[in-house]
Amino acid sequence: MTTEQLIYFLIPLPVIVPAATAALALLFSRRPRLQQALSLASLGALLLIAVGLVYLIYAHGIHTVQVGGWDSPIGITLVADNLAVLMVAVSQLVLFAVMWFGIGQGISDGDDNEPISVFVPTYMLLNMGVSMAFLAGDLFNMYVGFEVLLVASYVLLTLGASSSRIRAGVSYVMVNMLSSMVFLLAIGLVYQSVGTVNFAHISIRMEEIPDGTRTAIFAVLLVAFAVKAAIFPLSSWLPDSYPTAPSMVTAVFAGLLTKVGVYAIIRARSVVFPGGGLDDVLMWAGLATMLMGILGAMAQNDIKRLLSFTLVSHIGYMIFGIAVGNSTGLTGAIFYIVHHILVQTALFLVVGLIERQAGSSSLRRLGGLAKASPLLAVLYLVPALNLGGIPPFSGFLGKVLLIQAGAENGSATAWILVAGSIVTSLLTLYTMILVWSKAFWRDRSDAPEGDIALATPAALREQTRTVTLAERADVGRMPLGMFAPTMFLVTSSVAVTVLAGPLSTVADRAATNVANVSEYRTAVLGVRDVDSLEGPPGAVGRTKQPWSPDAVTEKAGDSHE
């Protein structure tokens with residue numbers, strides 16, 4: 001098998017393998033141990049495949065695969081460029097670690113909170129939706145990926161069917177259904193305007209559309225993606241939804257789902273609407289997201305809810321990088337996405353360990369964890385300082401890239417955004433240290449509700465029903481199967497710092513791929529721009545594209561008619 005054939009073989013696997021694993025998991029629903037082994041093996045294989053794709057696409061350029069026997073721009077095109085495969089690789093790493101954590105947590109069939117017979121296939125479908133959204137070469141199949149995510153995430157969010165989870169799930173579904181309807185409206189507007197939904201084809205035909213119409217269509221798409229990415233003021237649903245789910249589910253949601261929305265904004269802004277007509281709006285939205293998110297975090301007493309607000313806040317950094325409109329900003333945004341996926345997921349898994357160790361995630365009930373479990377203290381402190389932007393961690397490096405991008409932009413709005421990012425970083429550090437001082441450093445008897453936290457499980461059941469983990473027999477210890485994957489993710493987040501040079505090179509190549517619209521068009525359609533339909537794909541990699549330039553022109557004309 002040649003290298004080209006290997007790449008074409010690997011590209012569809014992040015979509016196909018999770019779907020096949022979900023089907024097999026349903027067949028083995030009465031054999032939970034086999035389900036666990038099958039899912040973990042599948043995720044491990046997908047991680048290796050994704051890492052291999054990162055290397056191959058970096059070395060050999062953008063590649064595409066046509067699905068279903070129809071060629072671009074009519075058929076379903078999977079596009080593997082540096083950004084898409086990097087996002088797939090990081091998502092597979094996180095999904096693997098969280099599944100490992102879940103198995104270690106002791107998911108058992110029939111449990112009220114985490115029924116494995118439902119969890120495993122749903123989790124794999126979530127994986128399929130994430131990969132499909134990243135690899136999709138057209139708006140409609142990106143929409144399909146989002147919808148697979150929505151269905152799977154609703155099931156995961158409501159596992160256990162408690163009243164709080166059902167309420168949060170209903171709210172989550174209603175908001176996301178509304179954003180999906182807006183997304184569909186945008187797809188209809190795009191198709192009505194240019195007669196295609198293929199990203200590369202849209203980018204060519206959009207150049208013939210009046211500026212006002214083009215900006216209006218982009219605005220509708222931005223609204224849909226902003227809801228999914230939790231950009232202020234469309235972010236209020238997230239802190240109310242995520243904390244109600246089990247920690248492992250919240251970890252996946254926090255780490256991945258909002259980043260799919262950010263990825264969609266990058267793809268639309270850079271490939272489909274490269275003019276930057278709404279960059280000023282994005283800058284102000286990024287600033288508001290950073291500040292409102294971190295101010296909300298400072299007011300919280302529950303660690304899961306606090307981290308949900310910091311999640312919203314740091315989405316603002318990614319929007320910052322996209323909105324400044326230069327290559328440094330896009331590189332910084334991509335680097336920060338990778339950093340944040342790993343760090344935020346690790347922190348939510350640490351919260352799961354805190355709940356297992358202490359029976360609660362409320363700061364009013366916690367204390368003395370540094371003395372009770374020094375390893376847990378280290379597991380929290382490393383990603384917390386990383387999120388706060390302490391040098392030399394990757395959070396600091398990503399923020400430096402973004403500040404540099406703002407300085408290169410040089411506008412007054414960009415400098416205001418730079419100042420807001422620095423303030424947000426300092427407030428994030430303050431919030432993380434506040435959690436440390438309350439949950440880890442002070443004595444538990446000094447906590448306002450420390451007497452409740454120190455009560456026996458029987459007494460707890462009589463006093464409160466909110467600390468459900470305290471009823472479990474293994475409260476007070478951390479199973480190795482939960483500790484090891486958390487340590488794995490924390491180590492991975494530190495590795496981003498150690499390997500910051502190579503990673504920033506990959507991020508820069510990904511930003512170059514995304515920003516170079518003619519390169520993307522060449523890979524997908526075999527054309528470089530509107531005026532010149534000639535030239536081989538060259539350095540961007542070969543594609544399974546049998547058309548000659550004249551055939552491309554003819555098919556494009558026929559489709560438009």
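A residue is taken as buried when its relative accessible area is under 20%, as exposed when that area is over 50%, and as partly exposed in between. With a relative accessible area of 5%, K304 is therefore buried. The model examined here is predicted, and K304 makes a handy starting point for a walk through it.

The overall picture comes first. The protein contains 24 helices and 2 strands, and 61% of its 561 residues are buried. Of the contacts between residues at least 6 apart in sequence, 79% join residues at least 24 apart. The exposed surface comes to about 20,200 Å², of which carbon and sulfur atoms supply 64%.

K304 sits in helix 13, which spans residues 303-323. This helix has 21 residues and covers 31 Å between its first and last C-alpha atoms, close to the 30 Å expected at 1.5 Å a residue. Helix 13 is also mostly covered, with 20 of its 21 residues buried. At its start, a side-chain oxygen of D302 comes to within 3.0 Å of the backbone nitrogen of K304. Beyond the helix follows G325, which has a positive phi, near 75°.

The side chain of K304 has a partner as well. Among the 6 salt bridges of the structure, one joins K304 to E355, with an N to O distance of 4.0 Å. Because E355 belongs to helix 14 (residues 327-358) and K304 to helix 13, this pair ties together parts that are 51 residues apart in sequence. E355 has 12% relative accessibility and so counts as buried, as does K304 at 5%.

A second salt bridge links D279 and R269, whose closest N and O atoms are 2.9 Å apart. D279 lies in helix 12 (residues 279-298) and R269 in helix 11 (residues 247-272), so the bridge ties together parts that are 10 residues apart in sequence. Here too the partners are covered: D279 is buried, with a relative accessible area of 11%, and R269 is buried at 9%.

The salt bridge between R214 and D211 offers another setting. Its N to O distance is 2.3 Å, and the two residues belong to helix 9 (residues 211-229). Because they are 3 residues apart in that helix, about one helical turn separates them. R214 is partly exposed, with 22% relative accessibility, while D211 is exposed, with a relative accessible area of 53%.

Attention now turns from charged pairs to a nonpolar part of the surface. F232, M292, L295, M298 and Y430 together make a nonpolar surface patch of about 450 Å². Helix 12 gives the most to this patch, contributing 3 residues. One residue of the patch, M298, lies in helix 12 and counts as partly exposed because its relative accessibility is 31%. Helix 12 thus appears in two parts of this account: D279 of that helix joins R269 of helix 11, and the helix also supplies 3 residues to the nonpolar patch.

Conventions:
Residues are numbered from 1 along each chain as its sequence is written. This is a predicted model: local features need pLDDT of at least 70, side-chain atom pairs count only at pLDDT 80 or more; totals for chains, interfaces and linings use all residues. Side-chain values use heavy atoms; hydrogens and water are left out. Helices (H or I, at least four residues) and strands (E, at least two) are DSSP runs, numbered from the N terminus. Buried means under 20% relative accessible area, exposed over 50%, partly exposed in between (1.4 Å probe, protein chains only). Patches are made of residues with over 30% relative accessible area and no salt bridge: like charges are joined within 9 Å, nonpolar side chains (Val, Leu, Ile, Met, Phe, Trp, Tyr) within 5 Å. Accessible areas come from the Shrake-Rupley method with a 1.4 Å probe; for residues, only the protein chains shown count as cover. The expected span of a helix is 1.5 Å times one less than its number of residues. A polar contact is a pair of N or O atoms within 3.5 Å; within protein, one must be able to donate a hydrogen and the other to accept it, and residues adjacent in sequence count only if both atoms are side-chain atoms. Contact means heavy atoms within 4.5 Å.
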